[in-house]
Amino acid sequence: YFPSFFEYHDLVMFHPTVGYYASGRVDFVDHYRTYPVVLAPLFGHMAAEQIFAMWNGMRRAGTLTEKERFTIAEFGPGDGALAEAILEYLVQKADGDAAWKAFVDQVLYVCYDRSPSLNKVQQDRNARFGKRFEARVADATNMTATIRRGSLKGVVLSNELPDAFSVHKTILSADGKADVAFVVPGIPEPTWRTVQPLLPTAAV
């Protein structure tokens, strides 16, 4: 059985025990860095100001009432750094500012991630925000399965998420026919000599 590139990519990224993201082995500092980490906390502060303006506009337009929840839904939130920077900023601004306090009173920040391991990291990092924060398992490639149409008022955001989506790798031939790429497994000879004696006879 040769997996398609899509299946291979999905396996190495999101398999619950060996996947790079799903297993929790990813390191958002030593492996690579994104703007929420490199520019922390200022990147989160900038996002918070824009989200506040959106909330204020909805309140003035009457599309969000005082008693309704305003949800900040972040997909692919990594280690929860962006959520932390945004929520910290909201709490700081709410101290002594009536408009920001009204905003904070309506906010629920939800991190949606496909990885239960990363969900725990996000929850632990932002536990101090209490009921203003939640971490939920969800697949960003199918958002409508997670958020029912018309059920959310607020903002959906993500940072560098689509580049982690599994994709089909195709080759377009001269006659216009598209062929899906398949992954052919291979093991280097020294590794094979090491593991071969450990394999059941049928597998060898």
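**Exercise 1. Describe the surface and the overall dimensions of the protein chain.**

Solution. The protein chain exposes about 12,500 Å², and carbon and sulfur atoms supply 57% of that area; accessible areas come from the Shrake-Rupley method with a 1.4 Å probe, and for residues only the protein chains shown count as cover. The model is a predicted one, in which local features need pLDDT of at least 70 and side-chain atom pairs count only at pLDDT 80 or more, while totals for chains, interfaces and linings use all residues. Residues are numbered from 1 along each chain as its sequence is written, and side-chain values use heavy atoms, with hydrogens and water left out.

Next, take the dimensions: the C-alpha atoms fill a box of roughly 70 × 45 × 30 Å along the principal axes. The radius of gyration of the protein chain is 22 Å, whereas a compact globule of 204 residues would have one near 17 Å; the radius is taken over C-alpha atoms, and the globule rule is 2.2 Å times the number of residues to the power 0.38.

**Exercise 2. List the order of helices and strands along the protein chain.**

Solution. Begin with the totals, which are eight helices and six strands; helices (H or I, at least four residues) and strands (E, at least two) are DSSP runs, numbered from the N terminus. Then read from the N terminus on, where the order is α-α-α-β-α-α-β-α-β-α-β-β-β-α.

**Exercise 3. Find the largest nonpolar core and the elements that supply it.**

Solution. A nonpolar core is a set of buried Ala, Val, Leu, Ile, Met, Phe, Trp, Tyr and Cys residues joined through side-chain atoms within 4.5 Å, where buried means under 20% relative accessible area, exposed over 50% and partly exposed in between, with a 1.4 Å probe and protein chains only. Buried residues make up 36% of the 204 residues in the protein chain.

The largest core has 27 residues, and those with the most contacts inside it are Ile51, Phe70, Ile72, Ile86, Leu90, Phe103 and Tyr109. At least two residues of this core come from each of α3 (42-61), β1 (70-75), α4 (81-94), α5 (98-106), β2 (107-113) and β4 (154-157). Apart from it lies another core, of nine residues, among them Ala73, Phe75, Ala140 and Ile147.

Now follow one residue: leaving aside neighbours within four places in sequence, Phe70 is in contact (heavy atoms within 4.5 Å) with residues including Ile51, Trp55, Met58, Phe103 and Val155.

**Exercise 4. Which residues show unusual backbone geometry?**

Solution. Most residues other than glycine have a negative phi, and most peptide bonds are trans. The peptide bond from Ala40 to Pro41 is cis, with omega near -5°, and Pro41 is found in the loop between α2 (35-38) and α3. Glu160 has a positive phi of about 55° although it is not a glycine; Glu160 lies in the loop between β4 and β5.

**Exercise 5. Is Ala174 buried or exposed, and where does it lie?**

Solution. First locate Ala174, which lies in the loop between β5 (170-172) and β6 (178-180). Then consider its accessibility: Ala174 counts as exposed because its relative accessibility is 91%. Finally, from C-alpha to C-alpha, Ala174 and Ser117 are 45 Å apart in space, and they are 57 residues apart in sequence.

**Exercise 6. Locate His168 and give its contacts.**

Solution. His168 is found in the loop between β4 and β5. Leaving aside neighbours within four places in sequence, His168 is in contact with Ser4, Phe6 and Val180.
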